[in-house]
Amino acid sequence: MAELVQYVLTGIGVGCAYALLGSGLVVIHRVTRVVNFAQGSFAVLAAFTVTTLLAAGLPHGVAEGLGVLLAGGAGLLTGLIATGKPGTTPQAGLIVTLGLGVFAYAVEILLWGDQPRSFPGLPGTVAGVQAHYLLIIGVTAVVLGATALLFARTDLGRALTATAEDPYAARIVGIDVPRMGLLAFAAGGALGGLAGVLVTPVQQVTFDADVALVVSGFAAAVLGNLTRPGLTLAGGLLLGVVQALVGGYWSTSYQTEVSLIFMLAVLIARAGLARTALEAA
Amino acid sequence: MKWLPPAVAVLVAAAVPPFLGPGQLTVYVLLGLSAMAVVGLSLLMGYAGQVSLGQASFTAIGAYTAGLLAVHKFPPLLGLVAAPVAAALAAVVVGIPILRLRGHQLAFATLALQLILLSVLGDADWAGGAIGLQGLPYLSILGFELNQDRQYAYLVLLGVALTTLVASLLIRSRTGRGLRALATAPAAAEASGVPVGAYRLLVFAVSAAFAGLAGGIYAFYVGYLAPGSFPVLLSIEYVVMAVVGGLGSIAGALLGATLITLVVQALTTLATQPGMPGYAPSVLSYAVYAVLLIVIVLFVPRGIVPALRLRRRSP
């Protein structure tokens, strides 16, 4: 029983990171229709930055904050390149973000080398679970709650939502649609960076860890069809817990397959549903 | 005179190997293998209109098919023939469920399939696990053993010619016209009786077969296979080549593969000069892939070859 609680808690912790990354994908996709393949790179970039800042003697908290800020900047830059040129289709935007993800490899190897890196998280254990997992869960709850409030209660959030619902109408009422897109990219970058900063103490990060991260984030987000933040959180948690249970009771070598097959199943089931709906209409 | 440019291209390509040193011959062989996989991917992306990030999985399936047969003492020629067949069969099996997906969903699904394949191969004892298959024999055809780089250069040239021929016959056939309709207006094509689903599956299988053939030759040429030989980055490299050359254009696929291979090779040569840091080759090649992909998508969205054709037509 204690074992089960332990697996579930660590699963929720890792699942929170997937949910954060997936929420970044959702924010960007809702507002710009671009699926951001570079989302995993934001996490890696932020994590590596924190290792350098900590080594330079900055205290915990400050280093992590700066890492997330830098990821937000990287997100803004990605948005500028992927959507800045008028007439770029979302499909072209996807390929551009793929290119930017590969470009990040060059930067990361140049600055940090190709070895895995990590830094210590919150020390100690609570009920057999590393305290850091509880920190991940707490921070995710606060950040996703604040994001939801931002979207629901502020003018900026309403403008972002309006752009997501109908860019044309949003422009007519005076919303600067391209700027909203860039804001979404910056927010998405920060969410991805936060995921990377939170997860690095419990899972080492390498320069090419972005592929696994972006796939897990996408798997979480696809449950809500890349538009529903609530379902993204649910998807992330489900994925994390199932992975942890499979790793705990069966074998850690099947964890990747589990999340990937879960994603494929959701995708294919959705495509089937969409087709049936289309035929019924 | 439509056959003239391809004939000249084949003659030029055939004239090159005798003048190449050992290292350059390796580049020639690898370039040809990429070209075969990219011709297929370009068909798929150009005519089915879908981004596939898993083309290297079919290269891996072809390579492992040939490698496993060779390890179990089957005639190498059988392995070479089985490689594209196995890849095409695998494409049909996974294609039936995943080709219902569109756009970014298919991109992620193909990426996921490749990650699953790599993970399975890494754990599979029968495939040598993470260490892989070692000591594969050279390819031999009717007792004649291909044991020199130059012979593989010509084998690869033959493979490129074959895939190019099959691809152009496919495009020019009745099926090809259906495919073109499908690429531009899927709904209209479906309404006029084009079996959209079956055709998408056909292109997927053909493109997988090309990659599988490349994998089969690779297995005999290198003599060693591991999951790490077919990383996700190889799939992305194929996409870069296809997009840079021009999607849905065979000449574009060949040009894209050639251009990227030669540029990356030139930079690697530069980066391995004495005094350059050890990370320089990988940093430079990642940067080149990335910059070329981004610049072409933003400024020459149709790719180099179609852009040149348009320019020639409108003086």
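**Reading a two-chain predicted model**

Tutor: A:Ala127 sits in the loop of chain A that joins strand E1 (125-126) to strand E2 (129-130). Before going on, note that this is a predicted model, in which local features need pLDDT of at least 70, side-chain atom pairs count only at pLDDT 80 or more, and totals for chains, interfaces and linings use all residues. Residues are numbered from 1 along each chain as its sequence is written, chains are lettered from A and ligands numbered from 1 in the order in which they are written, and side-chain values use heavy atoms, with hydrogens and water left out.

Student: What do labels such as E1 and E2 stand for?

Tutor: They are DSSP runs numbered from the N terminus: helices are H or I runs of at least four residues, and strands are E runs of at least two. Chain A has 11 helices and 2 strands. Read from the N terminus, the order in chain A is α-α-α-α-β-β-α-α-α-α-α-α-α.

Student: Is A:Ala127 buried or exposed?

Tutor: Buried means under 20% relative accessible area, exposed means over 50%, and partly exposed lies in between, using a 1.4 Å probe and protein chains only. A:Ala127 has 68%, so the residue is exposed. Its C-alpha atom is separated by 7.8 Å from that of A:Gln6, although the two residues are 121 apart along the chain.

Student: How many residues of chain A are buried, as a percentage?

Tutor: Of the 281 residues in chain A, 52% are buried. For chain B the figure is 54% of 315 residues.

Student: What does the radius of gyration say about chain B?

Tutor: The radius is taken over C-alpha atoms, and the globule rule is 2.2 Å times the number of residues to the power 0.38. A compact globule of 315 residues would have a radius near 20 Å, and the 19 Å of chain B agrees with that. Along its principal axes, the C-alpha trace of chain B spans about 55 × 45 × 40 Å. Chain B has 13 helices and 4 strands.

Student: How should I read contacts within a chain?

Tutor: Two residues are in contact when heavy atoms lie within 4.5 Å. Take the contacts in chain A between residues at least 6 apart in sequence: 77% of them join residues at least 24 apart. B:Ala87 gives a single-residue case. This residue belongs to helix H4 of chain B. With its neighbours within four places in sequence left aside, B:Ala87 is in contact with B:Phe58, B:Ile61, B:Ala208, B:Ala209 and B:Gly212. Its relative accessible area is 0%, so B:Ala87 is buried.

Student: Which residues does B:Leu155 touch, apart from its sequence neighbours within four places?

Tutor: They are B:Leu139, B:Leu146 and B:Ile217. B:Leu155 lies in helix H6 (residues 149-172) of chain B. At 13% relative accessibility, B:Leu155 counts as buried. The C-alpha atoms of B:Leu155 and B:Ile217 are 8.2 Å apart, with their positions 62 residues apart along the chain.

Student: What is there to notice about the phi angle of A:Leu226?

Tutor: A:Leu226 has a positive phi of about 65°, yet it is not a glycine. The residue is in the loop between helix H9 (210-222) and helix H10 (229-249) of chain A, and at 1% relative accessibility A:Leu226 is buried. B:Lys73 also has a positive phi, near 65°, and is not glycine. B:Lys73 is in the loop between helix H3 (55-71) and helix H4 (76-98) of chain B. At 75% relative accessibility, B:Lys73 counts as exposed.

Student: How is the size of an interface given?

Tutor: It is often given as the accessible area lost when the parts come together. Here buried area is the accessible area (1.4 Å probe) that two parts lose on being put together, summed over both. Between chain A and chain B this is about 3400 Å², and carbon and sulfur atoms give 83% of it. On the chain A side, A:Ile95, A:Val102 and A:Ile268 lose the most area to chain B, together 14% of what that side buries. In terms of contacts, 37 residues of chain A meet 37 residues of chain B.

Student: How are the charges of chain B placed?

Tutor: Lys and Arg count as positive and Asp and Glu as negative, while His and the chain ends are not counted. Each charge is placed at NZ of Lys, CZ of Arg, CG of Asp or CD of Glu. In chain B, the mean positions of the 15 positive and 6 negative charges are 25 Å apart. In chain A, the centres of the 11 positive and 12 negative side chains lie 12 Å apart.
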